[in-house]
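Good morning, everyone, and thank you for making time for this. I would like to walk you through one structure, slowly, and I will try to explain each term as it comes up.

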Protein chains: 2
Amino acid sequence: MEAALELAATTRSLASLGLREVARHAGLNPNTFYRHFKDFDDLGVAMLDELGTELRAGLREARMRPAKKGFRLSDFSNPAEGLAQAQALARESVGLVLDFVMDHREAYTVGIRELHGTSPVMRQAMQDLLDGIAVDMTEDLLGVLMLPAVSHEELLAVARVIVRQMVFFSMDYLEQPSRQAEIKREAERFILLLFWGAIAARAPELLSQAKLKFPAI
Amino acid sequence: MEAALELAATTRSLASLGLREVARHAGLNPNTFYRHFKDFDDLGVAMLDELGTELRAGLREARMRPAKKGFRLSDFSNPAEGLAQAQALARESVGLVLDFVMDHREAYTVGIRELHGTSPVMRQAMQDLLDGIAVDMTEDLLGVLMLPAVSHEELLAVARVIVRQMVFFSMDYLEQPSRQAEIKREAERFILLLFWGAIAARAPELLSQAKLKFPAI
DNA sequence: TCAAGAGGTATACAATCGTCGACACGCACA
DNA sequence: TGTGCGTGTCGACGATTGTATACCTCTTGA
């Protein structure tokens, strides 16, 4: 699995790797591959299982961290305070994801490649992972953030959109190191825009009442 | 180029195609490939040029259509009317993109595969195409829609995010035919949420003043 | 008229590929 | 004690790959 990741990270896609190639890079006999995996799909799913659960757990744990620090979002009874804390939460989450992709650059690159790749099995597995992250995010948010009049389903839809958009932001982040600070701001801004929109759609008076300028990020 | 598209559409990625394979499928001698293309990257870029400009032109033309029909968005001096027309424009644009990907299913699938694929050349070309579409969208919107207090740069950032998100919506649309109506609604809703957010961020009083419910889509 | 070149073909070579059958080692368990 | 079984190795097979060299046939333009 390590050998496959290293080989795929440079230029190739997982499915285009040669069985012999991987075995050679791992210092093993080509046939040994069959002892462990049936397919390359099989190998891919195994790798995704490992790294995917690590990512998911890391994200959850990190989202819990502020809650343990006594960081608790208001129920918007004080709109100004609620909005400010929403911004802080968005910033924390974005930083988290971007740090993760920097720490797991190779795995992330290869994984995303499979998201729209050739193997239906891997595509489905990646979509399930992203969806799982969105579900996690929704549940965590519901426990911490009381968005006024925003239902569970609405929140899930927003989370899904955010997760998918972060795929692109993450790619930019990796590919354009000189613009990292700017990209991070763009991502935060995008998330805030969405929540602003969600609130404005349900309780527009809340925003004008708060008389809070949208943060100039 | 046709042969390559047909071969890639089923399962494979462009870069993983064999030179001989494509030539065989096109009824030509393997070496003939070299008469026309240097690389597979070369072939890919040529294909993207053709289909990309077609898509871009199609989108522009279709965005111009409502303007010619006398469809003209207000400057939000009447907020309720402006918001309603913004919704109509969003619906029109979403339908447009989704129709296009249905009509060019193979090309779209292959293209997106290259967006996060192995070849840096193709990746860059695809990113340039998406960015170009976002720029087009921004210019068209500026000519038709006077969003209050939303600057050119802000609009471009929103357009970029929309284009990228439509990549995912389009994939869902192709892969889940039974949910097409629902996915279309989700896409429209996403776009409206963004614009709602952009307006709320700059002129929150406008939304509460309009006393307009967010469309229940 | 004829030379150049674009497009297409045929043959060949060395590599690499996935996979098969057979064999070897070591541990676990009856 | 011995017998599966998981793991790894070896050699070989036919197929396919990218590309090099050489040759053919039109079209074009001076």
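Let me begin with a term: a polar contact is a pair of N or O atoms within 3.5 Å. Please also keep in mind that what you are looking at is a predicted model. With that cut-off in hand, we can turn to A:R20, where a polar side-chain atom lies 3.4 Å from a base nitrogen of DNA strand D.

Two further pairs involve the phosphates of this strand. A polar side-chain atom of A:H36 lies 2.4 Å from a phosphate oxygen of DNA strand D, and in chain B a polar backbone atom, that of B:L19, is 2.8 Å from a phosphate oxygen of DNA strand D.

Now let us look at the surroundings of the strand as a whole. DNA strand D is surrounded by 14 residues, and the closest of them are A:N31, A:R35, A:H36, B:R20 and B:Y34. Of the atoms of DNA strand D that come within 4 Å of the protein, 33% belong to sugar and phosphate. If we sort the residues of this surface by character, we find three nonpolar, six polar and five charged. Both chains take part, since α3 of chain A, residues 32-36, and α2 of chain B, residues 19-25, each supply at least two residues of the surface near DNA strand D. The largest share, four residues, comes from α2(B).

Let me go back to chain A and its own helix α2, which covers residues 19-26. Which of its residues are buried? They are A:L19, A:V22 and A:A23, and because they cover an arc of only 100° around the axis, they sit on the same side of α2(A). The general background is that an α-helix has 3.6 residues a turn, so residues three or four places apart point the same way. On the other side of α2(A), A:R20, which we met at the base nitrogen, is exposed, as is A:R24. After α2(A) comes A:G27, whose phi is positive, near 70°.

Finally, how are the two chains related? Chain B can be laid on chain A by a turn of 180° and a shift of 0.0 Å along the axis, with an RMSD of 0.0 Å, which is the relation of a two-fold axis. In chain B, the C-alpha nearest that axis belongs to B:G197, 1.8 Å from it. The same surface serves both copies, in that 100% of the contact residues of chain B recur in chain A.

Definitions and conventions:
Residues are numbered from 1 along each chain as its sequence is written. Chains are lettered from A and ligands numbered from 1 in the order in which they are written. This is a predicted model: local features need pLDDT of at least 70, side-chain atom pairs count only at pLDDT 80 or more; totals for chains, interfaces and linings use all residues. Side-chain values use heavy atoms; hydrogens and water are left out. Buried means under 20% relative accessible area, exposed over 50%, partly exposed in between (1.4 Å probe, protein chains only). The arc is that of the directions from the helix axis to the C-beta atoms. Copies are superposed by least squares on the C-alpha atoms of residues with pLDDT of at least 70 in both. Contact means heavy atoms within 4.5 Å. A residue is near a molecule or strand if one of its heavy atoms lies within 4 Å of it. A polar contact is a pair of N or O atoms within 3.5 Å; within protein, one must be able to donate a hydrogen and the other to accept it, and residues adjacent in sequence count only if both atoms are side-chain atoms. Ala, Val, Leu, Ile, Met, Phe, Trp, Tyr, Cys and Pro count as nonpolar, Asp, Glu, Lys and Arg as charged, and the others, Gly among them, as polar.
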